[in-house]
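Hi,

Here is the structure I promised to hand over. Have a look at it first, and then read on for what turned up.

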Amino acid sequence: MATSTANAEEESIYDQRMALFKKIETLTQIPWYYFAAIDNYERNIKDSSEPEQVISITIPSEIWFGIGNPSSNIDERAISLFNGSGSDGNGDGQADPTNAEDILQTTANLLLEYGQTEDDIKIALWNHYQRDLTVQTIMNTAKVFETYQSINLTDRDFPVSLQHNYSYRNTWGARRGFGGRRIHEGTDIFAGYGAPIKSTTYGVVELMGWNLYGGWRVGIRDIYNIYHYYAHMNGYSEGLKVGQVVKPGDVLGSVGSSGYGPPGTSGKFPPHLHYGMYKDNGYSEWSFDPYPYLKRWERMARQKKN
Ligand SMILES: [Zn+2]
């Protein structure tokens with residue numbers, strides 16, 4: 001296969017990261033998946049044109065070097081004179097904000113000011129990022145990593161079972177009839193009532209319930225700061241609940257035609273899954289076209305079937 005070299009490289013970077021996370025866990029008693037989740041969050045808010053780092057956490061320089069520190073001397077003692085948090089993690093006496101082990105040691109120190117429990121970490125994250133969605137995304141990602149004991153979670157699935165008849169085309173940005181001048185933020189996958197709807201990614205169920213436009217819907221936050229929105233469902237899988245960890249292929253519910261009215265409204269349009277994707281860059285969320293991803297995941301799902 002043409003991609004085997006790229007895959008081998010990717011595997012080794014996951015292994016390198018995991019070794020670093022396990023090492024800092026041993027040193028600090030903070031579970032590895034919190035470091036992994038913080039690192040993953042920061043990687044996914046960065047401009048993807050930048051070269052990929054082993055560890056992507058960037059600690060603001062006023063925190064690393066200390067407020068009022070005029071120099072960027074990485075000597076650990078010089079930094080501590082200015083009450084900078086930059087710490088030496090690899091034992092060379094230097095606190096280098098570009099060194100993976102120094103970054104993780106410094107991150108650990110910032111967390112340890114609050115403690116090692118889940119609640120302590122949540123508070124530390126809130127104080128550092130000052131943003132609810134960031135804290136929620138990191139805690140969700142940590143839960144996914146903990147559940148699967150892996151950070152190499154690249155599998156995907158198509159959201160409608162391939163065993164059922166379905167059809168879709170690119171309707172991104174089209175105008176729609178209900179709700180005024182909203183543009184269509186997603187792809188409609190037409191299928192019969194009851195066709196299973198599956199999670200496309202690893203993630204955590206963030207939202208469930210009725211919405212005027214979406215009917216019965218589910219929102220899943222994945223580990224790449226992307227929110228996946230499934231709407232017009234007929235119903236949910238038994239036991240599905242907010243906070244639940246899901247993987248690609250997990251059945252969320254089934255195709256329906258709910259929405260465009262008060263709770264329970266159904267049948268105002270042909271049954272279909274409305275599937276939307278929203279990216280969070282650490283400041284705001286915006287919708288982007290899921291169609292090319294759906295095409296790719298459909299191919300992946302087909303190959304797995306064969
Ligand atoms: Zn739609």
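Let's begin with residues 183-281: the chain there is 0% helix and 53% strand, with 22 Å between the end C-alpha atoms. That stretch is what an unreviewed UniProt entry annotates as "domain: M23ase beta-sheet core". Before you go further, keep in mind that this is a predicted model.

One hairpin is worth a look. Strands β9 (residues 272-280) and β10 (residues 285-288) run antiparallel and pair over four bridges. One of the residues to click on is Tyr278, whose bridge partner in β10 is Ser287. Four residues sit between the two strands, and Gly282 has a positive phi there, near 95°.

Now the whole thing. The protein chain has 306 residues, 38% of which count as buried. Its secondary structure comes to eight helices and 10 strands. Along the principal axes, the C-alpha atoms fill a box of roughly 70 × 45 × 35 Å. If you take the contacts between residues at least 6 apart in sequence, 56% of them join residues at least 24 apart.

The chain splits into domain 1 (4-148) and domain 2 (166-305), and their C-alpha centres are 33 Å apart. Domain 1 puts 12 residues into the contact and domain 2 puts in 11. On the domain 1 side, α2 (32-45) and α7 (132-148) each supply at least two of the residues. The largest share is from α7, with eight residues. By type, that side of domain 1 has four nonpolar residues, seven polar and one charged.

So what about α7 itself? Its length checks out: 17 residues at 1.5 Å a residue should span 24 Å, and the end C-alpha atoms are 25 Å apart, so the two agree. Which residues of α7 are buried? They are Thr134, Val135, Thr137, Ile138, Asn140, Thr141, Ala142, Val144 and Phe145. The cover over them includes the helices α2 and α6 (118-129), plus the strands β4 (203-211), β5 (215-222), β7 (245-246) and β9. That brings us back to β9, the strand that pairs with β10 in the hairpin above. Right after α7 comes Gln149, with a positive phi near 50°.

If you open just one region, I'd go for α7 and the side of domain 1 that touches domain 2.

Cheers

Definitions and conventions: Residues are numbered from 1 along each chain as its sequence is written. This is a predicted model: local features need pLDDT of at least 70, side-chain atom pairs count only at pLDDT 80 or more; totals for chains, interfaces and linings use all residues. Domain bounds come from an automatic or database domain assignment. Two residues are in contact if their C-beta atoms, placed from the backbone, lie within 7 Å. Ala, Val, Leu, Ile, Met, Phe, Trp, Tyr, Cys and Pro count as nonpolar, Asp, Glu, Lys and Arg as charged, and the others, Gly among them, as polar. UniProt positions are given in the numbering used here, feature names are shortened, and annotations may be inferred rather than shown by experiment. Two strands pair if DSSP finds at least two bridges between them. A residue is buried if 20 or more other C-beta atoms lie within 10 Å of its own, exposed if 12 or fewer, and partly exposed in between; C-beta atoms are placed from the backbone. The expected span of a helix is 1.5 Å times one less than its number of residues.
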